[in-house]
Structures are given as structure tokens and as C-alpha cells.
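User: I would like to go through this model with you, starting at the ligand. Short answers, please.

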Amino acid sequence: MSGDARPTEGRRTIDTTVAHSARVHDYWLGGKDNFAADRAAGDAVMEAYPGIVMSVRANRAFLARAVRFLATEAGIRQFLDIGTGIPAANNTHEVAQSVASDGRVVYVDYDPVVLTHARALLTSSTPGTIDYVDADLRDPQAILRHAARTLDFSRPVAVMLIAVMHLIVDQDDPYGLVGQLLDAVPVGSYLALSQVASDIQAEQMAEAAKRYNRLARETQRHRDRAEVARFFDGLDLVEPGVVPVQQWRPASELEARTRSAMWGGVARKP
Ligand SMILES: C[S@@+](CC[C@H](N)C(=O)[O-])C[C@H]1O[C@@H](n2cnc3c(N)ncnc32)[C@H](O)[C@@H]1O
């Protein structure tokens with residue numbers, strides 16, 4: 001643990017009256033850190049797209065497989081996981097440190113509920129290995145500044161943007177934000193990214209986005225495969241490229257046969 005979870009802006013209070021993505025996601029994953037407003041938004045999406053629970057589970061499995069690939073085949077020891085979410089099965093540090101106990105992870109999120117979980121994690125982890133930054137992805141320079149307490153930016157880093165870019169609307173320059181993060185990491189670093197699709201189950205997903213956006217604090221911007229692939233421009237995609245998350249190096253036939261409405265990929269900075 002390299003320090004306390006420090007906010008980069010005014011500390012926010014937990015607003016239970018409107019749905020927040022971290023808590024809605026927790027609801028879909030069967031967690032307990034959610035309120036009536038989150039469950040209402042989660043149910044509204046589920047009515048439009050009944051596959052949502054399978055989709056978020058497939059995305060968590062993608063996260064675990066991507067981290068395992070990065071820690072084993074790619075030899076990565078440093079992870080910058082932005083849009084961490086409320087802890088669930090196979091969190092990044094658990095997978096990374098099960099492969100290499102010297103793995104370092106910096107988590108970043110802007111949700112006050114995620115922050116409370118981070119505090120507990122930091123007090124129970126090995127000093128210097130895990131840190132948490134309470135910051136907004138739309139301010140990448142603040143994230144990089146704080147992450148440098150724990151990560152050595154002269155050595156490769158895996159930037160993890162798992163199920164978070166669909167919460168960054170076009171006006172906030174999503175490609176520019178990812179570019180700033182990748183500019184800060186050396187050759188041999190990686191980007192692992194997944195995002196909600198607009199072109200898988202397109203009609204259901206459009207209705208799901210409409211319902212979510214009516215009820216939640218953040219606006220969702222679903223993207224098609226070409227728009228997701230653009231996040232990897234200038235990088236070398238590892239096989240099989242940008243695919244539905246369950247098709248990214250599935251560990252079993254069963255895993256490959258699940259369904260999701262999420263695109264995902266992993267790429268190396270050349
Ligand atoms: C759908 S959850 C994904 C959690 C986890 N990465 C996963 O895939 O299971 C999205 C997370 O991103 C966080 N998030 C959304 N917009 C953010 C922003 N602008 N800055 C930091 N975190 C953000 C939310 O608070 C939430 O915890």
C-alpha cells in the first residue's frame with residue numbers, strides 16, 4: 001500500500017436517489033452495494049436486453065483472462081485499472097498477483113462507494129503493491145500523477161479500461177483520453193479495453209441505452225466494432241483482435257458459447 005485513497009477533487013457524498021453505473025453493475029453481478037434507484041435502472045435495462053447479466057459476467061471473465069494473459073505471456077507486472085468498479089470475483093490484483101506476487105496494481109474510479117471498498121483493500125494488502133486513486137478518467141494527467149506513487153512509468157504498464165469507455169461521451173474526447181494515457185507509458189506497454197456494443201443485438205441495446213440514460217447519473221454511449229477498434233489505433237492487437245468479449249481467448253467451449261453485447265481487445269504499444 002503506498003498511501004491513502006486520496007481524492008483529486010472535492011469528496012463526493014453517496015447519492016442514493018439516482019442510479020450510478022458502479023452500483024447498477026454491482027446489482028447485475030448479484031452484489032449488495034446497490035440501492036432502489038440502481039435496481040430500477042438495472043431492471044429497466046434488463047427488460048430491454050434480457051442478456052445483460054450474462055453480458056456483464058462475460059465481461060468479468062474477459063477481464064480475468066486479459067490480466068492472466070498480460071501477467072503470463074506478456075510478462076506485465078504493472079496494471080493501471082481505470083473504472084475499477086465495486087469488487088467482484090477475480091479483481092485485477094487477485095489475478096495478477098496469483099501469477100506474480102510482485103505485481104503492482106493502481107485502481108482508479110470516481111465513485112464514492114468504490115472508494116469505501118478501496119480503503120478496506122488498502123489496509124489489507126501488502127505495502128507498495130496496490131494503490132487507489134479517486135479520480136475521473138476525464139482528467140488523465142491527474143490519474144498519471146497519482147499512479148506514479150506506485151507504478152514506474154519507465155517500465156511497461158497495462159492500461160485497463162474495462163467496461164468504462166461507454167460511460168465517456170463523445171464531447172469528452174474518449175479517443176484523446178486514451179491517447180493521453182498511452183502516451184505516458186513506454187513501448188511494450190499494453191491496452192486492454194472492453195466497451196458496450198451498439199451493433200450486437202442493436203435494437204435491444206439502443207432501447208437499453210435509452211432507458212438507462214433516463215434513469216442514471218452517467219450517460220451511456222454505445223459504440224460499434226469500428227469505433228471500438230479505433231481505441232487501438234497505432235497499437236499491435238494481439239490475436240484474436242477486437243471481438244465479442246467471450247470470444248477473446250475463451251478458456252473453454254462453454255465460455256466461448258456465452259453471449260455478450262460487449263467488444264473487447266488487448267494490444268501492445270509498439
Ligand atoms: C460498468 S462498471 C465496470 C467495472 C469493472 N471495470 C468491470 O468491468 O467489472 C464502470 C465503472 O467505471 C466507473 N466510471 C465511470 N465513469 C468514470 C469516470 N469518468 N472516471 C472514473 N471512473 C468512472 C464507474 O464508477 C464504475 O465503477
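User: How far is a nitrogen atom of the ligand from a polar backbone atom of isoleucine 162?

Analyst: This is a predicted model, and the values are computed from it. Ile162 is among the residues that come nearest to the ligand. The contact here uses a polar backbone atom of isoleucine 162, and its partner is a ligand nitrogen. The distance is 2.8 Å.

User: How much of the ligand's exposed area does the protein bury?

Analyst: Start with the ligand taken alone. It then exposes 600 Å². The share of that area buried by the protein is 98%.

User: Which residue has a side-chain N or O atom 2.8 Å from a nitrogen atom of the ligand?

Analyst: Two side-chain contacts can be compared by ligand atom. Asparagine 59 has a side-chain N or O atom 3.0 Å from an oxygen atom of the ligand, so to speak of nitrogen we turn to the other contact. There, a ligand nitrogen lies 2.8 Å from a side-chain N or O atom of aspartate 136.

User: Which helix gives the most to the shell around the ligand?

Analyst: The shell holds 21 residues, with Gly83, Asp109, Asp136, Leu137 and Ile162 nearest. By class they are nine nonpolar, six polar and six charged. Helix H1 (21-28) and helix H3 (52-71) each supply at least two of them. The top contributor, with three residues, is H1.

User: Where does the ligand sit, and what is the volume there?

Analyst: The ligand sits in the largest pocket. Residues nearest the centre of that pocket include Ser21, Ala163 and His166. The volume of the largest pocket is about 720 Å³.

User: Which element supplies the largest share of the lining of the largest pocket?

Analyst: The lining has 49 residues. They divide into 27 nonpolar, 13 polar and nine charged. H1, H3, strand S2 (78-82), strand S3 (104-109) and helix H8 (202-215) each supply at least two. The largest share, six residues, comes from H3.

User: What is the volume of the second largest pocket?

Analyst: Its lining counts 13 residues, and Pro87, Tyr107, His117, Ala118 and Leu121 are closest to its centre. Helix H5 (residues 112-124) gives the most to this lining, with five residues. The space in the second largest pocket is about 150 Å³.

User: How many charged residues are in the lining of the second largest pocket?

Analyst: Go by class. Eight of the lining residues are nonpolar and five are polar. The charged count is none: there are no charged residues.

User: What is the phi of alanine 163?

Analyst: Alanine 163 lies in the loop between strand S5 (158-162) and helix H7 (174-183). Ala163 is also one of the residues nearest the centre of the largest pocket. Its phi is positive although the residue is not a glycine, at about 55°.

User: Is the peptide bond from glutamate 239 to proline 240 cis or trans?

Analyst: Proline 240 is placed in the loop between strand S7 (236-237) and strand S8 (243-244). Omega for the bond from glutamate 239 is near 5°. The bond is cis.

Note on methods: Residues numbered from 1 in each chain as written. Predicted model: local features only at pLDDT ≥ 70, side-chain atom pairs only at ≥ 80, totals over all residues. Heavy atoms only, no water. Near = heavy atom within 4 Å. Polar contact = N/O pair within 3.5 Å; in protein donor to acceptor, adjacent residues only side chain to side chain. Areas by Shrake-Rupley, 256 points an atom, 1.4 Å probe, with all protein chains shown as cover. 1 Å grid on protein atoms, 1.4 Å probe; cavity = no way out; pocket = protein on both sides within 12 Å on 5 of 7 lines; lining within 4 Å. Sits in = over half its atoms within 2 Å of the grid points. Helix = DSSP H or I, 4+ residues; strand = E, 2+ residues; numbered from the N terminus. Nonpolar A, V, L, I, M, F, W, Y, C, P; charged D, E, K, R; others polar. Points joined across faces, edges and corners; volume = space filled by probe spheres on them.
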